[in-house]
Amino acid sequence: MKKTTTRLADGRELIYYDARDDAVRDAADRRPLEPVATAAEIRHDRLLGDRVAIASHRQARTYHPPADACPLCPSRDGRLSEIPAADYDVAVFENRFPSLAGDSGRCEVVCFTPDHDASFADLTEDQAALVLAAWTDRTAELSRLPGVAQVFCFENRGAEIGVTLGHPHGQIYAYPFTTPRTARMLDSLAAHRAATGGRNLFDDVLAEERADGRRIVLSGEHWTAFVPYAAHWPYEVHLYPRRRVPDLTALDDAARTEFPQLYLELLRRFDRIFDEGNGRGKGTAGAARTPYIAAWHQAPVHAADRAEFALHLELFTIRRSPGKLKFLAGSESGMNVFINDVPPEAAAERLREVASE
């Protein structure tokens, strides 16, 4: 992998990740951009103990532009975008409309491919491996920034999720605090360790799922994908490396090699679960694309027990059946108590049914 770092016209950082060592990335950003002006701040909710990012400048962000005005496509034929080069493999840049900025953290955009009409599931294994390498490098770099407490790599896909740019891309947030969800995991980890005389909760959950088997979706030599026993979402899969590591930087070469195989198959199955013609054996292009969120959970940078945390990816969709969405209504939004209409065992069975042939 070759990494090239440059700057956009307004001073934001842009990083190219190329599979070829001889790739040249010297195209200049010729847009007449004004310096980025952000109003991001973090406020503390004293009742719940969590934090809220206030970012009023995001009201002006790009919203569902036509394909010929996509800011994530390469700059070609006189059309200038966030990527000055005429082509790229993977590109990462600072978000022009960040939710977090300055002392309040940092937000980056990860462009998975120059192909506007593609999806992550359409990538080759080599392309997916390059994205993994970019996630890993950014995790390492952002973790070294002063004030960064946690790095979160994720992808939102689909208008139903709230995506405003159709180009295949993800984001990375560098938070100046440990997120509430991770803090709860750490609390559960500590309680389990105390109750069991030192056992690791993540290890036990993975071992129990593998022993039970009913909710296993995919299993490789180095990764296991399963629907959790208490899944919150209609179709939700957790992907764990067999060897527990705290973050992406700690994965070994064997796990990195196998990841694209399992993850791409998992995404392609997600694209087939709502195909009423069953979709078995069809390619991604032959099925409706399922809206989803893919979220990497990594240990906080400075947590005292970060070695006990288990890196994992959580993939879920808000679609519960063809044409129907799972809305976060009164119980979920008002009290944070989820009600799942799809039994986890049934979801796992369906995801096994639509395996590639």
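The following exchange takes up the cysteines, the nonpolar cores and one helix of a predicted model.

Biologist: How many disulfides does the structure hold?

Modeller: A pair of cysteine sulfur atoms has to lie within 2.5 Å to count as a disulfide. The cysteine sulfur nearest to that of Cys70 belongs to Cys73 and is 3.8 Å away, while the sulfur of Cys111 is 7.8 Å from its closest cysteine sulfur, in Cys70, and therefore too far for a bond. The number of disulfides in the structure is zero.

Biologist: Is Cys111 buried or exposed?

Modeller: Buried residues are those under 20% relative accessible area. Cys111 is also listed in a second, separate core of 14 residues, together with Leu14, Ala85 and Tyr88. Its relative accessibility is 0%, so Cys111 counts as buried.

Biologist: Which helix gives the largest share of the largest nonpolar core?

Modeller: That core has 54 residues, and Phe120, Trp135 and Trp296 have the most contacts inside it. Leaving aside neighbours within four places in sequence, Trp296 is in contact with residues including Trp135, Phe152, Trp223 and Phe259. The largest share of the core amounts to eight residues, and it comes from helix H4 (residues 253-270).

Biologist: How far apart are the end C-alpha atoms of helix H3 (residues 201-212)?

Modeller: With twelve residues at 1.5 Å a residue, H3 should span 16 Å, and the model agrees with this expectation. The N-terminal end of H3 is capped by Asn200, a side-chain oxygen of which lies 2.9 Å from the backbone nitrogen of Phe202, and H3 is followed by Gly213, whose phi is positive, near 85°. The distance between the end C-alpha atoms of H3 is 16 Å.

Note on methods
Residues are numbered from 1 along each chain as its sequence is written. This is a predicted model: local features need pLDDT of at least 70, side-chain atom pairs count only at pLDDT 80 or more; totals for chains, interfaces and linings use all residues. Side-chain values use heavy atoms; hydrogens and water are left out. Buried means under 20% relative accessible area, exposed over 50%, partly exposed in between (1.4 Å probe, protein chains only). A nonpolar core is a set of buried Ala, Val, Leu, Ile, Met, Phe, Trp, Tyr and Cys residues joined through side-chain atoms within 4.5 Å. Helices (H or I, at least four residues) and strands (E, at least two) are DSSP runs, numbered from the N terminus. Contact means heavy atoms within 4.5 Å. The expected span of a helix is 1.5 Å times one less than its number of residues. A polar contact is a pair of N or O atoms within 3.5 Å; within protein, one must be able to donate a hydrogen and the other to accept it, and residues adjacent in sequence count only if both atoms are side-chain atoms.
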